[in-house]
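Reader: Before I rely on the labels used for a structure, I would like to hear how each of them is justified. Could we go through them one at a time?

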Amino acid sequence: MAINRQPVMKRSRSLGIEASFTGSNKKSKKKPPMTRRKVSEYGLQMKEKQKAKFCYGLLEKQFKGYFNRASKMRQGIVGENLLMLLELRLDNVVYRMGMARTRMEARQLVSHKLITVNGRKVNIPSFSVKPGDIIEVNPARKDSVRFKDILASTDGRRVESWLDVDTNNLRGSVLTTPTRDQIDTPVNETFIVELYSK
């Protein structure tokens, strides 16, 4: 499996977004690089795609696969469908529920079979959850120090309205598919659609 090992802070500065959108609580004292050149339309489109890939921790092949799926959906707008599919990834849902500090940690928890979906262990971070699915930490691991530390770190994090979370029992459910208004990812998805439509 390919892994992007580029430093989070360096990447967030170059894209001009806060590292907090990946779950990182690091803050940089350095300023984003100054660019005097006028950015082309292609450059703007590419930057928006890179932002989305960075926020969700995906590489090009995976990201393009999601775009292809979104473009084949019969309902909705392609760009909004793309973000909706990314939000419904299991690792992202675990992160959104506050069961992981970052999306990277959520991916690790899923890969190590510490998360169940409807009572079954799932070790595929890209697994797509559906409304009605119940996501829960493996009952045998709920009392571990790791999850106590995670809960202490994520206490107070806003839970999205399309999710229902019981933090005391480390479980939650997907109430509905998220709409664009419910997704706070700082990306202009229209540019991404234009880029792939060329």
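**Asp-133 and its surroundings**

Author: Leaving aside its neighbours within four places in sequence, Asp-133 is in contact with Val-117, Asn-118, Gly-172, Ser-173 and Val-174. Please keep in mind throughout that this is a predicted model.

Reader: What makes Asp-133 count as buried or exposed?

Author: The relative accessible area of Asp-133 is 7%, and the word buried is used under 20%, so Asp-133 is called buried. Its place is in the loop between S2 and S3.

Reader: How do you know that the side chain of Asp-133 makes a polar contact with the side chain of Asn-118?

Author: The distance given for that pair of side chains is 3.0 Å, and a polar contact requires a pair of N or O atoms within 3.5 Å, one able to donate a hydrogen and the other to accept it. The value lies within the cut-off, and the pair is therefore listed as a polar contact.

Reader: Why is Asn-118 called partly exposed?

Author: Asn-118 has a relative accessible area of 46%, and partly exposed is the term in between the limits of 20% and 50%, so that is the term which applies to Asn-118. Asn-118 is placed in the loop between S1 and S2, and its phi is near 55 degrees, a positive value in a residue other than glycine.

Reader: Which term, buried or exposed, applies to Leu-170?

Author: Leu-170 has a relative accessible area of 5%, and because the limit for buried is under 20%, Leu-170 is called buried. Leu-170 is found in the loop between S4 and S5, and in the hairpin of these strands, which has four residues between them, Leu-170 takes a positive phi near 50 degrees.

**The sheet**

Reader: How do you know that S4 and S5 pair?

Author: Two strands pair if there are at least two bridges between them, and S4 and S5 are joined in the antiparallel sense over four bridges, so the requirement is met. Within this pairing, Val-165 stands opposite Gly-172 in S5.

Reader: What makes S1 and S2 a pair?

Author: Two bridges join S1 to S2, which run antiparallel, and because at least two are asked for, S1 and S2 count as paired. In S2, the bridge partner of Val-117 is Arg-120.

Reader: Which pairings does S3 make?

Author: S3, residues 134–137, pairs with S1, residues 115–117, in the antiparallel sense over three bridges, and S3 also pairs with S5, residues 171–174, in the antiparallel sense over three bridges. Glu-136 illustrates both pairings, since it stands opposite Thr-116 and has Arg-171 as its bridge partner in S5.

Reader: Why do S2 and S4 stand at the edges?

Author: The five strands form an open sheet in the order S2-S1-S3-S5-S4, with antiparallel pairing. S2 (120–121) and S4 (163–166) each have a single partner strand, so one side of each is left without a neighbour in the sheet.

**Two helices**

Reader: Why are the buried residues of H7 said to line one face of the helix?

Author: In H7, residues 145–154, the residues Phe-147, Ile-150 and Thr-154 are buried. Seen down the axis of H7, these buried residues fall within an arc of 55 degrees, so they line one face. On the other side, Val-145, Lys-148 and Ala-152 are exposed, while what covers the buried residues of H7 includes H6 (103–111) and S3.

Reader: What makes the buried residues of H8 line one face?

Author: Glu-189, Ile-192, Leu-195 and Tyr-196 are buried in H8, residues 189–196. Seen down the axis of H8, they fall within an arc of 115 degrees, and they therefore line one face of the helix. The cover of these buried residues includes H2 (41–56), H3 (60–72) and H4 (78–87).

Reader: What links Phe-63, Phe-67 and Tyr-196 into a cluster?

Author: Ring pairs link these residues, and rings count as a pair if their centres lie within 6.5 Å. The structure holds two aromatic pairs.

Terms used:
Residues are numbered from 1 along each chain as its sequence is written. This is a predicted model: local features need pLDDT of at least 70, side-chain atom pairs count only at pLDDT 80 or more; totals for chains, interfaces and linings use all residues. Side-chain values use heavy atoms; hydrogens and water are left out. Rings of Phe, Tyr and Trp (its six-membered ring) pair if their centres lie within 6.5 Å; planes under 30 degrees apart count as stacked, over 60 as edge-to-face and the rest as tilted. Buried means under 20% relative accessible area, exposed over 50%, partly exposed in between (1.4 Å probe, protein chains only). The arc is that of the directions from the helix axis to the C-beta atoms. Contact means heavy atoms within 4.5 Å.
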